[in-house]
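Hi everyone, thanks for coming. I'd like to walk you through one protein chain today, so have a look at the screen.

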Amino acid sequence: PSDWEEFPIVAMEEENNVPHTITDDTEQISTIRYKIDIWTLNESASDLTMKVEEALFHLGLKRIFGADAPEQRQGLKHKVLRFKGDIDVHTMHVYHD
């Protein structure tokens, strides 16, 4: 983030987007993985983490990773989450393996 003065901070990044299923030389389903970073200062990230998880769950994505990440700055908490879904590129329906 460009501004480390305003907390909490949530950053979302598309980490991977690859073909999952190809038929007739056309991609039908893509596997997409997102990384979410949550930073809080002098407070727990749990409530915000639950809100992020709920929002991405409603999009059809499944959480595949969640962990606290070490930080050097005193009082700074950093949570890393990853979500994944196999998305039909025509209907936008989300599948899970």
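I'll start with some ground rules, then go to the core, the strands and a few odd backbone spots.

First, this is a predicted model, so keep in mind that local features need pLDDT of at least 70, side-chain atom pairs count only at pLDDT 80 or more, and totals for chains, interfaces and linings use all residues. Residues are numbered from 1 along each chain as its sequence is written, and side-chain values use heavy atoms, with hydrogens and water left out.

Okay, the inside. A nonpolar core here is a set of buried Ala, Val, Leu, Ile, Met, Phe, Trp, Tyr and Cys residues joined through side-chain atoms within 4.5 Å. Buried means under 20% relative accessible area, exposed means over 50%, and partly exposed is in between, using a 1.4 Å probe and protein chains only. The largest such core has 12 residues, including Ile32, Tyr34, Leu56, Phe83 and Val94. Strand E2 (26–41), helix H1 (46–58) and strand E4 (76–88) each give two or more residues to this core, and E2 gives the most, with four. Those labels are DSSP runs numbered from the N terminus: helices are H or I with at least four residues, strands are E with at least two.

Which residues does valine 94 touch? Leaving out residues up to four places away in sequence, valine 94 touches Leu59, Gly60, Gly85, Asp86 and Ile87, where contact means heavy atoms within 4.5 Å.

Now the strands. Two strands pair if DSSP finds at least two bridges between them. Strand E3 (residues 62–69) and E4 run antiparallel, joined by seven bridges; in one of them, aspartate 68 of E3 partners lysine 79 in E4. Their hairpin has six residues between the strands, and glycine 75 there takes a positive phi near 85 degrees.

Other residues have a positive phi too. Aspartate 25 isn't a glycine, yet its phi is about 60 degrees. This residue is in the loop between E1 and E2, and aspartate 25 is exposed, at 78% relative accessible area. Aspartate 24 is in the loop between strand E1 (9–23) and E2, and counts as exposed because its relative accessibility is 75%. Methionine 92, with phi near 65 degrees, is in the loop between E4 and strand E5 (94–95).

One last oddity: the peptide bond from phenylalanine 7 to proline 8 is cis, with omega near 5 degrees. You'll find proline 8 in the segment before E1.
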